[in-house]
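I opened the notebook to record what I looked up in this structure, taking the domains, the strands and the helices in turn.

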Amino acid sequence: MTAPQPEIRYTTHCLFCPKTFDVSDLSVPRPGKTQQERAVEYVKILGKHIEKKHPEKYAVVNAAAMDMWGLQVAKLFTHEDPAFNRLVAELKAAFHQL
Ligand SMILES: [Zn+2]
């Protein structure tokens, strides 16, 4: 029988204020939730902080999310308008630089 391993916790630091968040090691399995589900929950918590405390940053995140949404939708069609295709290509290039 092996002794239970101590829980490893990691700290996330906000880049814009002194706020920190502690989270348990995502690589350690937890019953009832996948690693991805736990990561999504954690990002939601971080997002709420940004929304409340740094609304100008939240606006930038929202704009990027809308751009990504638009790009994903645009990719589901073929387009004859070269100006539209140019905008889609520029958006793709912008996301590749992230
Ligand atoms: Zn902050």
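The entries below follow the order in which I looked things up.

Entry one, domains. I kept in mind throughout that this is a predicted model. I looked up how the protein is divided and found domain 1, covering 7-53, and domain 2, covering 56-98. I then looked up the separation of domain 1 and domain 2, and noted that their C-alpha centres lie 28 Å apart.

Entry two, strands. I turned to strand S1 (residues 9-13) and strand S2 (residues 20-24), which pair in the antiparallel sense over five bridges. S1 and S2 form a hairpin, and I noted six residues between them. For the register I looked up histidine 13, which stands opposite threonine 20 in S2.

Entry three, helices. I next looked up how helix H2 (residues 55-74) packs with helix H3 (residues 82-96), and recorded an angle of about 125 degrees with the axes 10 Å apart. Because of that angle, I entered H2 as oblique to H3. The crossing of H2 and H3 I wrote down as left-handed.

Which residues make the contact? On the H2 side I listed Asp67, Met68, Leu71 and Ala74, and on the H3 side Val88, Leu91, Lys92 and Phe95. Sorting the residues of this contact of H2 with H3 by character, I counted six nonpolar and two charged, with no polar residue among them.

Conventions:
Residues numbered from 1 in each chain as written. Predicted model: local features only at pLDDT ≥ 70, side-chain atom pairs only at ≥ 80, totals over all residues. Domains from an automatic or database assignment. Axes fitted to C-alpha atoms, helices over the stretch in contact; angles between N-to-C directions. Helix = DSSP H or I, 4+ residues; strand = E, 2+ residues; numbered from the N terminus. Parallel < 35°, antiparallel > 145°, perpendicular 65-115°, else oblique. Left-handed = near helix turned anticlockwise from the far one by under 90°. Contact = placed C-beta atoms within 7 Å. Nonpolar A, V, L, I, M, F, W, Y, C, P; charged D, E, K, R; others polar. Pairing = 2+ DSSP bridges.
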